[in-house]
Amino acid sequence: MINNKNYISDFFTFDEVQFDNILEKIEKLDNAKTSQQTDIPTKLLKHNSRYFAEIFSKNINNCFENSNFPTELKLADVIPVYKKKSKNFKDNYRPVSILPNISKIYERVIYEQTQPYFENLLSKFQCDFRKGYNAQHCLMVFIEKWKKCVDNGGAFGALLTDLSKAFDCLSHELLIAKLNAYGFDKKSLTLVYSYLSKRKQRVKINNSFSSWQRLSFGVPQGSILGPLLFNIYICDMFYFLENYDIANYADDTTPFSVKQNHDLVVEDLQNSSAILFKWLKD
């Protein structure tokens, strides 16, 4: 489906990064952000930014050349952040990955080269993790249609869906297959797969740590690349639903319908939801 919908005139490949680009990223690091105990302190990185920029620019270019994301930058401390209801149940906490400071520089470079390539490939109805889009944009997509429908004496309805643990469900192999269909060259695919694979995480509570566990699926919450990769992963869903009204905000996807009467709305939502659920299952 991706191949049918997109004409790729040239393959995507990662470009060599320059010293000034890395220097800027080091100087923009946030001193207040939580870091790992073994991290080089952010203040020290920024105080010696020119020295570290020279090292990191060489290492990142080697990373691109060899299509290999450094293993030591794939170790995450996961902190449970309270969301709602009882604090005694683990399901009421959201896991946030604390990654090494240096990994943010690597990820930012990859993000800034990947994001512009996909901006015109992502659906205009994907309203999160993108500049110029937000929850209000998503709401406006269907509210305006609903108001016009009511004014004309019609009916409307919506099906609210929420993917549970969405970031943890992504298949690495399927994501790579989709990137291949979108035009990533072999070296770029190998680099992204290296970024995703053989990641490890442990849970941190106060000063106590669990044992390390391997991640077989998903992207780390709290990473820079994670939200973009999630958007890429679900983008082709909109190709299957192009004949239906739909709006999406992160892991919340809402098929909706505006018709002359409620029976037609129900029929439309049944058809769109059947396609959506099949896509999710596949």
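## Strand 1 and its partners

In this predicted model, Asp-77 of one strand stands opposite Ile-98 in strand 2. Strands here are DSSP runs of E with at least two residues, helices are runs of H or I with at least four residues, and both are numbered from the N terminus. Strand 1 (residues 75-82) and strand 2 (residues 93-98) are antiparallel, with six bridges joining them. Strand 1 also runs parallel to strand 5 (residues 199-205), this time with four bridges, and Ala-76 has Gln-201 as its bridge partner in strand 5. For two strands to count as paired, DSSP has to find at least two bridges between them.

A word on the ground rules: residues are numbered from 1 along each chain as its sequence is written, and side-chain values use heavy atoms, with hydrogens and water left out. Because the model is predicted, local features need pLDDT of at least 70 and side-chain atom pairs count only at pLDDT 80 or more, while totals for chains, interfaces and linings use all residues.

## Helix 9, wrapped up

How many of the 11 residues of helix 9 are buried? The count is 11 of the 11, so helix 9 (residues 225-235) is largely enclosed by the rest of the structure. "Buried" means under 20% relative accessible area, against over 50% for exposed and partly exposed in between (1.4 Å probe, protein chains only). Among the buried residues are Leu-225, Pro-227, Phe-230, Asn-231 and Tyr-233.

The cover over these residues includes helix 5 (101-119), helix 7 (172-181), helix 8 (186-196), helix 10 (237-240), strand 8 (245-249) and helix 11 (262-281). Contact here means heavy atoms within 4.5 Å.

## Two cavities

The structure holds two cavities of 30 Å³ or more. A cavity is a set of points, on a 1 Å grid over the protein atoms alone, where a 1.4 Å probe fits but cannot get out; lining residues have an atom within 4 Å of a point. Grid points are joined across faces, edges and corners, and the volume is the space filled by probe spheres set on the points.

The largest cavity comes to about 70 Å³. Helix 5, helix 8 and helix 9 each give its lining at least two residues, and the lining residues include Ile-110, Thr-114, Leu-191, Tyr-195, Leu-225 and Ile-232. By class, that lining has nine nonpolar, one polar and no charged residues. The classes are: Ala, Val, Leu, Ile, Met, Phe, Trp, Tyr, Cys and Pro as nonpolar, Asp, Glu, Lys and Arg as charged, and the others, Gly among them, as polar.

The second largest cavity has about 30 Å³ of space. Asp-77 and Ile-98 both turn up in its lining, along with Thr-34, Ser-35, Gln-36, Gln-37, Ile-79 and Lys-204. Here the split is two nonpolar, four polar and two charged.

## Aromatic pairs

A search of the whole structure gives 20 aromatic pairs. Rings of Phe, Tyr and Trp (its six-membered ring) pair if their centres lie within 6.5 Å; planes under 30 degrees apart are stacked, over 60 edge-to-face and the rest tilted. One edge-to-face pair is Phe-69 with Tyr-195, at 5.1 Å centre to centre and 85 degrees between the planes. Phe-69 lies in the loop between helix 4 (49-66) and strand 1, and Tyr-195 in helix 8, so the pair ties together parts 126 residues apart in sequence. Phe-69 counts as buried at 0% relative accessibility, and Tyr-195 counts as buried at 1%.

Phe-118 and Tyr-182 are also edge-to-face, at 5.3 Å centre to centre and 80 degrees between the planes. Phe-118 sits in helix 5 and Tyr-182 in the loop between helix 7 and helix 8, so this pair links parts 64 residues apart in sequence. Phe-118 and Tyr-182 are both buried. Ring pairs also link them into a cluster with Phe-12, Phe-14, Phe-64, Tyr-117 and Phe-184.

Key:
1 Å grid on protein atoms, 1.4 Å probe; cavity = no way out; pocket = protein on both sides within 12 Å on 5 of 7 lines; lining within 4 Å.
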